[in-house]
Amino acid sequence: MLFCKDLILSYKDRVDVNDYGMDKEVIEKFNNIGNDMLKQILNVTFPQNYYLQNRKHYRIKAVLDGYNFINDEISKNLKENEAFNPSMLYFSLLAVWFKELNKESRSKEYIYFLLYPYSQVYDKLLIEIKNKEFRALNIKMIELAENVIYKFDKYNFVK
């Protein structure tokens, strides 16, 4: 969640996707989904400085360790200056974690992410996209997210 929050914040309201000839409506959909997700993530995470100030606490240390693992895995899989769609990436990371792996299913704090209509968004970001290059990029982000989250699920936090 923390990684997704940072990813959303770092690309929030940017319109760089116009490199793919995207129309304004699609860009607005991406931004609206991001704003909704960010609002919910902010409800279940602490402010950034909390994690740094408490990094020695075992739970926070585990969160930061997980964050670094995800960041490293994504960095390994994306070449320098390679195109990527941060919206599809964070969305797919969350979808794999909450829907495919059913993580946090007993936690009321994450009910939003468990009930979110991921399939409707995938339809909008894949099926309704006319640009084949952009659709291929989105599929690549889904595959990257699956690869990273499945590795993360097997990751051993004990060092």
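Let's start at Met 141, which sits in helix α8, residues 132-154 (helices, H or I with at least four residues, and strands, E with at least two, are DSSP runs numbered from the N terminus). Met 141 is buried, with a relative accessible area of 0% (buried means under 20% relative accessible area, exposed over 50%, and partly exposed in between, using a 1.4 Å probe and protein chains only). Setting aside neighbours within four places in sequence, Met 141 is in contact with Leu 78, Phe 84, Asn 85, Met 88, Leu 89 and Ser 92 (contact means heavy atoms within 4.5 Å).

A word on what you're looking at: this is a predicted model, where local features need pLDDT of at least 70 and side-chain atom pairs count only at pLDDT 80 or more, while totals for chains, interfaces and linings use all residues. Residues are numbered from 1 along each chain as its sequence is written, and side-chain values use heavy atoms, with hydrogens and water left out.

Now follow helix α8 itself. It has 23 residues and reaches 33 Å from its first C-alpha to its last, close to the 33 Å expected at 1.5 Å a residue (the expected span is 1.5 Å times one less than the number of residues). At the start of α8, a side-chain oxygen of Asn 131 comes to within 2.9 Å of the backbone nitrogen of Glu 133. The buried residues of α8 are Phe 134, Leu 137, Asn 138, Met 141, Ile 142, Leu 144, Ala 145, Val 148, Ile 149 and Phe 152. Their cover includes α2, α4, α5 and α7.

Helix α2 is a good one to look at next. It has 21 residues and spans 31 Å from first C-alpha to last, close to the 30 Å expected at 1.5 Å a residue. Its buried residues are Val 26, Ile 27, Phe 30, Asn 31, Ile 33, Gly 34, Met 37, Leu 38 and Ile 41. Looking down the axis of α2, these buried residues fall within an arc of 160°, so they line one face of the helix (the arc is that of the directions from the helix axis to the C-beta atoms). The background is simple: an α-helix has 3.6 residues a turn, so residues three or four places apart point the same way. On the face of α2 turned away from the buried side you'll find the exposed residues Lys 24, Lys 39 and Asn 43. The buried residues of α2 pack against α1, α5, α6, α7 and α8.

That brings us to the largest nonpolar core, which has 44 residues; Met 37, Ile 74, Tyr 90, Phe 91, Leu 93, Leu 94 and Tyr 118 touch the most other members (a nonpolar core is a set of buried Ala, Val, Leu, Ile, Met, Phe, Trp, Tyr and Cys residues joined through side-chain atoms within 4.5 Å). Helices α1 (2-11), α2 (24-44), α4 (58-77), α5 (86-100), α6 (111-115), α7 (118-127) and α8 each supply at least two residues of this core. The largest share, 10 residues, comes from α5.

Aromatic rings are worth a look too, with a count of 16 aromatic pairs (rings of Phe, Tyr and Trp, the last by its six-membered ring, pair if their centres lie within 6.5 Å; planes under 30 degrees apart count as stacked, over 60 as edge-to-face and the rest as tilted). Take Tyr 11 and Phe 84: their ring centres are 5.6 Å apart and their planes at 90°, so the pair is edge-to-face. This pair links distant parts of the chain, with Tyr 11 in helix α1 and Phe 84 in the loop between α4 and α5, 73 residues apart. Tyr 11 is partly exposed, at a relative accessible area of 29%, and Phe 84 is partly exposed at 26%. Phe 91 and Tyr 118 form a tilted pair, 5.2 Å centre to centre with 55° between the planes. Phe 91 lies in α5 and Tyr 118 in α7, so this pair ties together parts 27 residues apart in sequence. Both Phe 91 and Tyr 118 are buried.

Notes
A polar contact is a pair of N or O atoms within 3.5 Å; within protein, one must be able to donate a hydrogen and the other to accept it, and residues adjacent in sequence count only if both atoms are side-chain atoms.
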